Structure formats: structure tokens, C-alpha cells
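Biologist: I would like a close look at one part of this model, taken slowly. Please start from the charged side chains and work outward from there.

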Amino acid sequence: MKRIMTFLLSLALAMPMMAQSRYHIRYPSRPTAPSHAYNRPYERNTWRTGVHGDTYYGLRVGLALSSVSSDDAYLDGSGLSTGVNIGVVAGFQLAPSAPIYFETGLSYTEKGGRGHYNGNKFTYDLDYLEVPLLLKYDYWTSPDLSVQPFIGGYLACGVGGKVKDFGHRQAVSSFDDEFFKRFDGGLRIGCGLQFSHLYAEVAYDIGLSNICHDSFNSSRNGCLQLNCGVNF
């Protein structure tokens, strides 16, 4: 986990230099918005490309509030678990005439849940590397403020975590054959708010993959993410 965190932080620190270099090459001077641009979304997006261009990069850090709902009482972690989320993103404008972006990236997210079985307390820690696949609409309400609703999906691979049985004081890997599959995927919806280069967002993951090994029961992730960061 430490290596993953170090890699993501190194990549995040490199992004401002990449973005700044690209900005100076393509846009030697920042354009000035015409006085009527703020009331016309497409014209506003046209002059804002002097700041972001058709590509942007970002750093995200925040909280992940998650649970694991399961038909199997032994795997049901419907109680809320709190973890961290850290990642980097990149967005690419899909058409010059519309402020619609495709956003992807890489993040480390701690999901899981809490539950009880036969009177014993259980915690389910599921740590993932995730790739978001989102469509985002970038609507500037003023020269420095943008509202950015988005919808899409995510793909995830489990890289760590423990299932802890507090009654028997035992801890085993969450991705043991008795518990959960490593691969997950689902829908992600949310909305971001950007002020200048500062960014904040609320997103919710709806797990669509059955992450338990049982063919007759299903277990699915659900996660509310509260992130902040910067865009370049």
C-alpha cells in the first residue's frame, strides 16, 4: 500500500509541471473573456480553453464512506466503513463546440463495511486500485466558478484488505476464496464544483459486480466519496 501511495503522490506532484509546460507552449498569454461570454455557455467554454485547453489534469484526496451489502449473512457488511481516497485524473474535451469531457485516471480507495455474524463483530476492509470512466459537463457560471455534473462507471482491482473476526480474534485476506473476488465494477454519478483551480466533488459508486464467490448469493459495494483537490 505504501508503494501505491508513493506512486500516486509522485504522479500528482509531476502533473502541475506537465500542465504548466503545456500551458506556456499552447497559450503564451491568457485570453480575456468578452463581456457577453458569461451568459452563453458555448462562447464561455471557447474563451475558457485558454486556461484548461482541451485537456486538464487533477489531484483528488478525500473520504470514502462505504458498505458491502450481501445476501450471505456471513459476508454482509452493511454497516458504514470509513476509508481514504487518493488519486489523479485527466480530462479530455470530446468536441470543440461543447464543454463535455471524458475523465479517467487512477485512484487508491479504501472500501468495505461492518457487520455481525453469530453475535461476533466483523469488519470487511477492501482496498482497491480504481479507474474511473466518466462523462463530465463543464458549465462555467462565472469566470472562476464552474459546476461539473458527471456520470459514468469505474473498474477496480483489489490490492489489499483484511476480514477481521473480533469474536475469534482472527484476520484473513479479504480476497481469500472464502470471501470476496478481486475485481469490481459499477456506476458512478456525482457533481463537482471548481473555483479557479480548486476543486471539490461528491460522488456515489453503485457496485454492479457480484464480488462474492457464491453463485447463489450476491455481494455488492456501495460507496459515497467526498473529495477535494486541484485542476490544472
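Which residue forms a salt bridge with Asp205, and how far apart are the closest N and O atoms?

Modeller: This is a predicted model, and the distances below are to be read as such. The partner of Asp205 is Lys111, and their closest N and O atoms are 3.1 Å apart. Lys111 belongs to strand β3 and Asp205 to strand β10, so this pair ties together parts that are 94 residues apart in sequence. Asp205 counts as buried at 1% relative accessibility, and Lys111 is buried as well, with a relative accessible area of 2%.

Lys111 has a further partner. Glu130 forms a salt bridge with Lys111, with 2.8 Å between the closest N and O atoms. Here Glu130 lies in strand β4 and Lys111 in strand β3, so the parts tied together are 19 residues apart in sequence. Glu130 is buried, its relative accessible area being 0%. These residues belong to a network of salt bridges that links Lys111, Glu130, Arg188 and Asp205.

The structure holds five salt bridges. Another of them joins the side chains of Lys136 and Glu103, at 2.9 Å from N to O. Lys136 lies in strand β4, residues 120-137, and Glu103 in strand β3, so that pair ties together parts 33 residues apart in sequence. Lys136 is buried, with a relative accessible area of 1%, and Glu103 counts as buried at 2%. As for the general background, side chains of opposite charge can pair when their charged atoms come close.

Strand β3 also holds Gly113. Gly113 is buried, with a relative accessible area of 1%. Its C-alpha atom and that of Thr123, ten residues further along the chain, are separated by 6.0 Å. Leaving aside neighbours within four places in sequence, the contacts of Gly113 include Phe122, Thr123 and Tyr124. Gly113 is also in contact with Ser66, Ser67, Val68, Gly77, Gly79 and Ser81.

Ile100 is found in strand β3 too, which runs over residues 98-117. Ile100 counts as partly exposed, at 34% relative accessibility. It is one of the residues that make a nonpolar surface patch of about 790 Å². The other members are Leu94, Leu135, Ile151, Leu187, Ile189, Tyr204, Ile206 and Leu208. Strands β9 (183-195) and β10 (198-207) each supply at least two residues of this patch. Strand β10 therefore contributes to the nonpolar patch and also holds Asp205, the buried partner of Lys111.

Disulfides add nothing to these links, as the structure holds zero of them. A disulfide is a covalent bond between the sulfur atoms of two cysteines. Among the cysteines, Cys191 is partly exposed, with a relative accessible area of 34%, and Cys228 is partly exposed at 44%.

A word on confidence closes the account. The mean pLDDT of the protein is 85, and 77% of its residues reach 70 or more. Over residues 21-51, however, the pLDDT is below 50. Beyond near neighbours in sequence, that stretch has 50 contacts in the model. Where pLDDT is low, the predicted coordinates should not be read in detail.

Conventions:
Residues are numbered from 1 along each chain as its sequence is written. This is a predicted model: local features need pLDDT of at least 70, side-chain atom pairs count only at pLDDT 80 or more; totals for chains, interfaces and linings use all residues. Side-chain values use heavy atoms; hydrogens and water are left out. Patches are made of residues with over 30% relative accessible area and no salt bridge: like charges are joined within 9 Å, nonpolar side chains (Val, Leu, Ile, Met, Phe, Trp, Tyr) within 5 Å. Accessible areas come from the Shrake-Rupley method with a 1.4 Å probe; for residues, only the protein chains shown count as cover. A salt bridge is a side-chain nitrogen of Lys or Arg within 4 Å of a carboxyl oxygen of Asp or Glu. Helices (H or I, at least four residues) and strands (E, at least two) are DSSP runs, numbered from the N terminus. Buried means under 20% relative accessible area, exposed over 50%, partly exposed in between (1.4 Å probe, protein chains only). A disulfide is a pair of cysteine sulfur atoms within 2.5 Å. pLDDT is the predictor's confidence in each residue, from 0 to 100. Contact means heavy atoms within 4.5 Å.
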